[in-house]
Amino acid sequence: ELSTENELLHASMKDMNELVVSAEESITKLRDENASLRDATEHFEREIQKIQSQKESEVSNERAANDCLRDEIEHISSERDESYGTCKILQAEIEVLRTSVQESKDRLESLMGGDDQASRASTSEQDRLVELKRTNDRLTKDLEQKNEALQAVQSALSKFKKEQTTVRETIVALRQENTRLKEQQPSPGAPPPPP
């Protein structure tokens, strides 16, 4: 009877030892899994920080690009306003030149009132007539130059308008991209995605 109990006790001890070994193996396995989960969590946290850093950098770059475009628009607007002012001045000068040319033509016609009168004109009148012709030619040439300058200014204004439209379209596209980036940016404190 004592030997039977002894055998049972040995069997129980053997079972208990096997349970202890099994428990230790389970504990080791759980520790390994916890370490693996911790590593995965740290990895995802680093990835999230990296993504947030990239997004912040992109947003910062977009802001800088927007500021640059805003400065460019202001510069173009300023140049356009100056061109409008120059255009108005040129138009006024052209009008003065046209008036001067017309007055010169009128004087020339009155001086050349007829062949008889022209043949009787004194030398000083003929000199005056030559001077008027020169003045008329000079005024006509000035008028042509002013017209060319006006056309150049109007062409520049047209180019500025096209550039301004392109800049505005770029700003709209950048604002849409900024909005999209902000919507995609994960909020701080959000749980990391599952591994």
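The structure holds six salt bridges, a salt bridge being a side-chain nitrogen of Lys or Arg within 4 Å of a carboxyl oxygen of Asp or Glu. This is a predicted model, in which local features need pLDDT of at least 70 and side-chain atom pairs count only at pLDDT 80 or more, while totals for chains, interfaces and linings use all residues. Residues are numbered from 1 along each chain as its sequence is written, and side-chain values use heavy atoms, with hydrogens and water left out.

**Exercise 1.** Determine which residue forms a salt bridge with Arg98, and where the two partners lie.

*Solution.* Start from the atoms: Arg98 pairs with Glu95, and their closest N and O atoms are 4.0 Å apart. Next, place the pair: both residues belong to helix H1, three residues apart, or about one turn of the helix, where helices are DSSP runs of H or I with at least four residues, numbered from the N terminus. Finally, consider exposure: Arg98 is partly exposed at 43% relative accessibility, and Glu95 is partly exposed at 44%, this class lying between buried (under 20% relative accessible area) and exposed (over 50%), with a 1.4 Å probe and protein chains only.

**Exercise 2.** Describe the salt bridges of Arg138 and of Glu177 in terms of distance, spacing and exposure.

*Solution.* For Arg138, the partner is Asp142, with 3.8 Å between the closest N and O atoms. Because they are four residues apart in helix H3 (residues 123-184), about one helical turn separates Arg138 and Asp142. Arg138 has a relative accessible area of 47% and is partly exposed, as is Asp142 at 24%.

For Glu177, the partner is Arg180, and the closest N and O atoms are 2.3 Å apart. This pair also lies in helix H3, with a spacing of three residues, about one turn of the helix. Glu177 is partly exposed at 28%, and Arg180 is partly exposed at 35%.

**Exercise 3.** Identify the residues that gather in a patch of negative charge on the surface, and the element that gives the largest share.

*Solution.* First, apply the criteria: patch residues have over 30% relative accessible area and no salt bridge, and like charges are joined within 9 Å, with Asp and Glu counted as negative. The residues that gather in this way are Asp71, Glu72, Glu74 and Glu163. Then assign them to elements: helix H1 (residues 2-111) supplies the largest share, three residues. Glu72 is found in helix H1, and its relative accessible area of 37% makes this residue partly exposed.

Notes. Patches are made of residues with over 30% relative accessible area and no salt bridge: like charges are joined within 9 Å, nonpolar side chains (Val, Leu, Ile, Met, Phe, Trp, Tyr) within 5 Å. Accessible areas come from the Shrake-Rupley method with a 1.4 Å probe; for residues, only the protein chains shown count as cover. The place of a charge is taken as NZ of Lys, CZ of Arg, CG of Asp or CD of Glu. Helices (H or I, at least four residues) and strands (E, at least two) are DSSP runs, numbered from the N terminus.
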